[in-house]
Amino acid sequence: MRTEQPKTIYLSDYKVPAHLVDTVDLRFELFDDGARVHSTLSMRRNPESTEVSAPLVLDGDSLRLERVALDGKELQADAYQDTGDQLVIAKVPDSFQLTVVTWIEPQNNTRLEGLYKSSGMFCTQCEAEGFRCITYFPDRPDVMARYRTRIEADKNSCPVLLSNGNDVDRGDLENGRHFVTWEDPFPKPCYLFALVAGDLVEKQDTFTTCSGRDIALRIYVEPRNASKCEHAMDSLKRSMRWDEEVYGREYDLDIFMIVAVDDFNMGAMENKGLNIFNSSCVLASQETATDLTFQRIEAIVAHEYFHNWSGNRVTCRDWFQLSLKEGFTVFRDSTFSADMGSPTVKRIEDVTLLRTAQFAEDAGPMAHPVRPASYMEISNFYTLTIYEKGAEVVRMIHTLLGPDLFRKGSDLYFERHDGQAVTTDDFVKAMEDASGRDLTQFRLWYEQAGTPVLTVSDDYDAQRGVYRLTIQQSVPDTPGQTNKKPQHIPFALGLLGPDGEALPLSLESSEDIATSPTERVLELTRANHTFEFHGLTQKPVPSLLRDFSAPVRVVYPWTREQLVFLMSHDPDGFNRWDAGQRLAVDVIQSLVDSPDAAEVEPRLIEAYRTLLDNSELDQALVAKMLQLPSEAYLIELAGSPDVAAIHRARELVLNRLATELRDELITCYHRNTRAGTYEVTPESIARRSLRNTALAWLLMIGDDTGRDLAIQQLREADNMTDRMGALRALVNSDYAEERNQALADFYEQFQDDPQVVEQWFSVQSSSDRAGQLPQIQDLLEHAAFDWKNPNKVRSVIGVFAGQNLAAFHNPDGSGYSFLADQVCRLDDSNPQIAARLVTPLTRWKKFAPAYSALMRSALERIRDKAGLSADLYEVVHKSLEA
């Protein structure tokens, strides 16, 4: 059991750095048994610091110090203090040059922070605090410097040597070694430093910027992946053009590089000019990647590229401001993806993640504001709140200001703060100054944790023709925060007449109905608001929070008749989908509350029949509307969820729908079966999604025709989407013999492709048929599973605990005990991954007593582990203390 509590860091304690770094000159000598790092820093005292005689304090982690020199003079041991995590020099001049030489062992670095090896390749991950694992340095984002990096390595094993900036020198050395020197002309924080050295192939392209500059584009991969780069390269070029057209941001270096790495804790990293990607987020081909993977790669490539301005040129002052770069950039990549495909479908996907996972985070023990007030380990705050809710906050500013003023604000932000490390307040201030809007109250979105709840009631005065809407706002208590203030919320709505017509929204009796808009964005700023809409001849059906205009929960007593009506008539595509989700949730919850009931609401069945038969509606939207609410979302909505009951009720509804709609499903399947060239277009993606949804539903009811179609599709598919769709349908069916044969054949065909094997692991781990605990334990023993590879760990352990909820929440607690065992094992090698995997257990208080007691016990066992990491300590202790 850990006895020393990790230190808590507070935003309120922020001080400017006592010393600044102007230039960094690095020399890496890379060997099989380690690496020697020579670091020369040109430093000076910070004129903005009040600590005029402060000692020089540099951060370090797992370093072996070999030499320290000040202004060329080597320091003796009594002139400095090496504590292991800090190098302290008591007396330094106002400006000086510091040289530090360290020895590190990348080949033994299982934490995957700093410099490490993946598949024989040297690579780095320095965000958030990985640079201190390379050399001693003031490892904080507000210390920005210009870097020059020389890399020396064996020419045979590491023919490719890469770092940030532009290649300025290269040559051969003795003993079969060579070097390349890179220079980055732009100041950056050390978390954006990157290095890659290995045996890689290079895929080349060019991009001509809006000013006529030719940019060299390079993607580096292992030779076996050379054929999987085309989609990422095309995505990069689309991103570059979009950022020029929408934000006026032109790329600034002569070269932009991407490297694919198999072993990576995150999705990708926006290092200046040298983005390092998890292989699963950049490699794709028709044969090996699904439609979702193609879309994910496009979004992640865009996200990392957009960081060149929103994160690199303008970065965050401290890690409390993480959402400054991440929230803004997620908003940018989300808008890009919407422009590249279906805006409605993209909005549905974003909100599904938000309501299922981020709302759960807001209601859990690790709840924190978009700008946290404190943390123990910053790696625990790369959260959905920082990223997804942070993006929603930026989206609300965009809604309140409108696109033109928002663009004016972003231009001012980039112009005002280029080359600086700033705060979320600086971002909001730029928006205020550009628009003339007062966003003082809006800043509470950055300061208050929790998901606001809007309780809506209405009445209709037939005599006056007035429809009255009352909205009450509340923000629930969260750890460390109570008695929240009302927030500034943009609330988009419309009203529909009996035939589905959009009604005029006249807020004044004197307003001309003929010119009144049919959609408005109301601005909520108080705990209570009442709005009156005039000139209505009968009570309308409200369409509330259109396009999910704010990250809030809406409570309104919709009837099932109203929801069916909105599914068919609402002109807002998102709300049409949302009405279907609310109807399905209501039906499933009624079956959970009445376990003996077996009848499924006929109106739900008919609504889905109408969807299947409707070939005129956007088929991408139809594909989304046919997906029932997930078990995770149903659990999140429940007060004290009984997981087994929720699983049983959802399965009952799905089986009844598939049974009643069998003929329509078969028709839908064949209607969407077309020969031709594989394309990643919204239309083609929708067609494959509908086809595979129909197939999955048919196999759920044990339909032999569906089984035969799945086997045929698996055998004949020319793309991974259809191949995986058929495999998933078989795996989630009761056709055990066919399931086992399909899994064996699939693995035999793709066993040499790590990314496809990860999909193979996931499809089993997420299935309550193929992924019960004994099968999960077998997967951990499989020859393809690798404890050192985060993707493999996530595809089995993470998917089991996060998606296979009925199996994970087995009433005997075996799933909880299993997760605790794996988290403890991983904590010794990769604390970041361990801390993220433990999340399902942290919500123990939410569940029914029979579940929560066992979940708490599993957490307590983790808490009592000897040598508990700071990462895991923070999550587990906050969870148990909540």
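This report describes the overall build of one protein chain, then two of its sheets, and finally some unusual backbone features.

**The chain as a whole**

The model is predicted. The protein chain contains 28 helices and 31 strands. Its radius of gyration is 28 Å, close to the 29 Å that the globule rule gives for 882 residues, so the chain is as compact as a globular protein of that length. The C-alpha trace spans about 90 × 70 × 60 Å along the principal axes of the chain.

Of the 882 residues in the protein chain, 61% are buried. The area that the chain exposes is about 33400 Å², and carbon and sulfur atoms supply 47% of it. Contacts can also be sorted by separation along the sequence: among those between residues at least 6 apart, 70% join residues at least 24 apart.

**A mixed sheet of five strands**

One open sheet is formed by five strands in the order S17-S18-S19-S21-S20, and its pairing is mixed. At its edges are strand S17 (201-208) and strand S20 (268-269), each of which pairs on one side only. Strands of a sheet pair through backbone hydrogen bonds, either parallel or antiparallel.

Both senses of pairing meet at strand S18 (residues 214-221), which pairs with S17 in the antiparallel sense and with S19 in the parallel sense. The antiparallel pairing of S17 and S18 runs over eight bridges, whereas the parallel pairing of S18 and S19 has five bridges. Two of the partners in S18 can be named: Asp-214 is the bridge partner of Thr-208, and Ala-216 is the bridge partner of Thr-206. Towards S19, Ile-219 stands opposite Ile-258.

S17 and S18 form a hairpin with five residues between the strands, where Gly-212 takes a positive phi near 95°. Within S18, seven of the eight residues are buried, so the strand is largely enclosed by the rest of the structure.

Two helices lie across this sheet. Helix H1 (residues 230-247) lies across S17, S18 and strand S19 (255-261), and its direction is at about 25° to S17. Helix H2 (residues 291-306) lies across S19, S20 and strand S21 (274-278), and runs at about 150° to S21. H1 also takes part in a β-α-β unit with S18 and S19, and this unit is left-handed.

**An antiparallel sheet of four strands**

A further open sheet consists of four strands in the order S10-S11-S16-S13, with antiparallel pairing. Its edge strands are strand S10 (114-118) and strand S13 (160-163), each pairing on one side only. On average, neighbouring strands of this sheet are turned by 20° against each other, with direction ignored.

The edge strand S13 is joined to strand S16 (residues 195-198) by four bridges in the antiparallel sense. In this pair, Val-160 stands opposite Gly-198 of S16.

The strand pairs with stated bridge counts are set out below.

| Strand pair | Sense of pairing | Bridges |
|---|---|---|
| S17 and S18 | antiparallel | eight bridges |
| S18 and S19 | parallel | five bridges |
| S13 and S16 | antiparallel | four bridges |

**Unusual backbone features in loops**

Most residues other than glycine have a negative phi, and most peptide bonds are trans. Several positions in this chain depart from that pattern.

The peptide bond from Glu-127 to Ala-128 is cis, with omega near 5°. Ala-128 belongs to the loop between strand S11 (121-125) and strand S12 (144-154).

Asn-175 is not a glycine, yet it has a positive phi of about 60°. Asn-175 is placed in the loop between strand S14 (166-172) and strand S15 (177-189). With a relative accessible area of 73%, which is over the 50% limit, Asn-175 counts as exposed.

Asn-483, likewise not a glycine, has a positive phi of about 50°. The loop that holds Asn-483 lies between strand S26 (466-474) and strand S27 (489-496). Asn-483 is exposed, at 71% relative accessibility.

Methods. Residues numbered from 1 in each chain as written. Predicted model: local features only at pLDDT ≥ 70, side-chain atom pairs only at ≥ 80, totals over all residues. Heavy atoms only, no water. Pairing = 2+ DSSP bridges. Contact = heavy atoms within 4.5 Å. Axes fitted to C-alpha atoms, helices over the stretch in contact; angles between N-to-C directions. Rg over C-alpha atoms; globule rule 2.2 N^0.38 Å. Buried < 20%, exposed > 50% of the residue type's maximum accessible area, 1.4 Å probe, protein only. Areas by Shrake-Rupley, 256 points an atom, 1.4 Å probe, with all protein chains shown as cover. Right-handed = clockwise from strand over helix to strand, strands pointing away.
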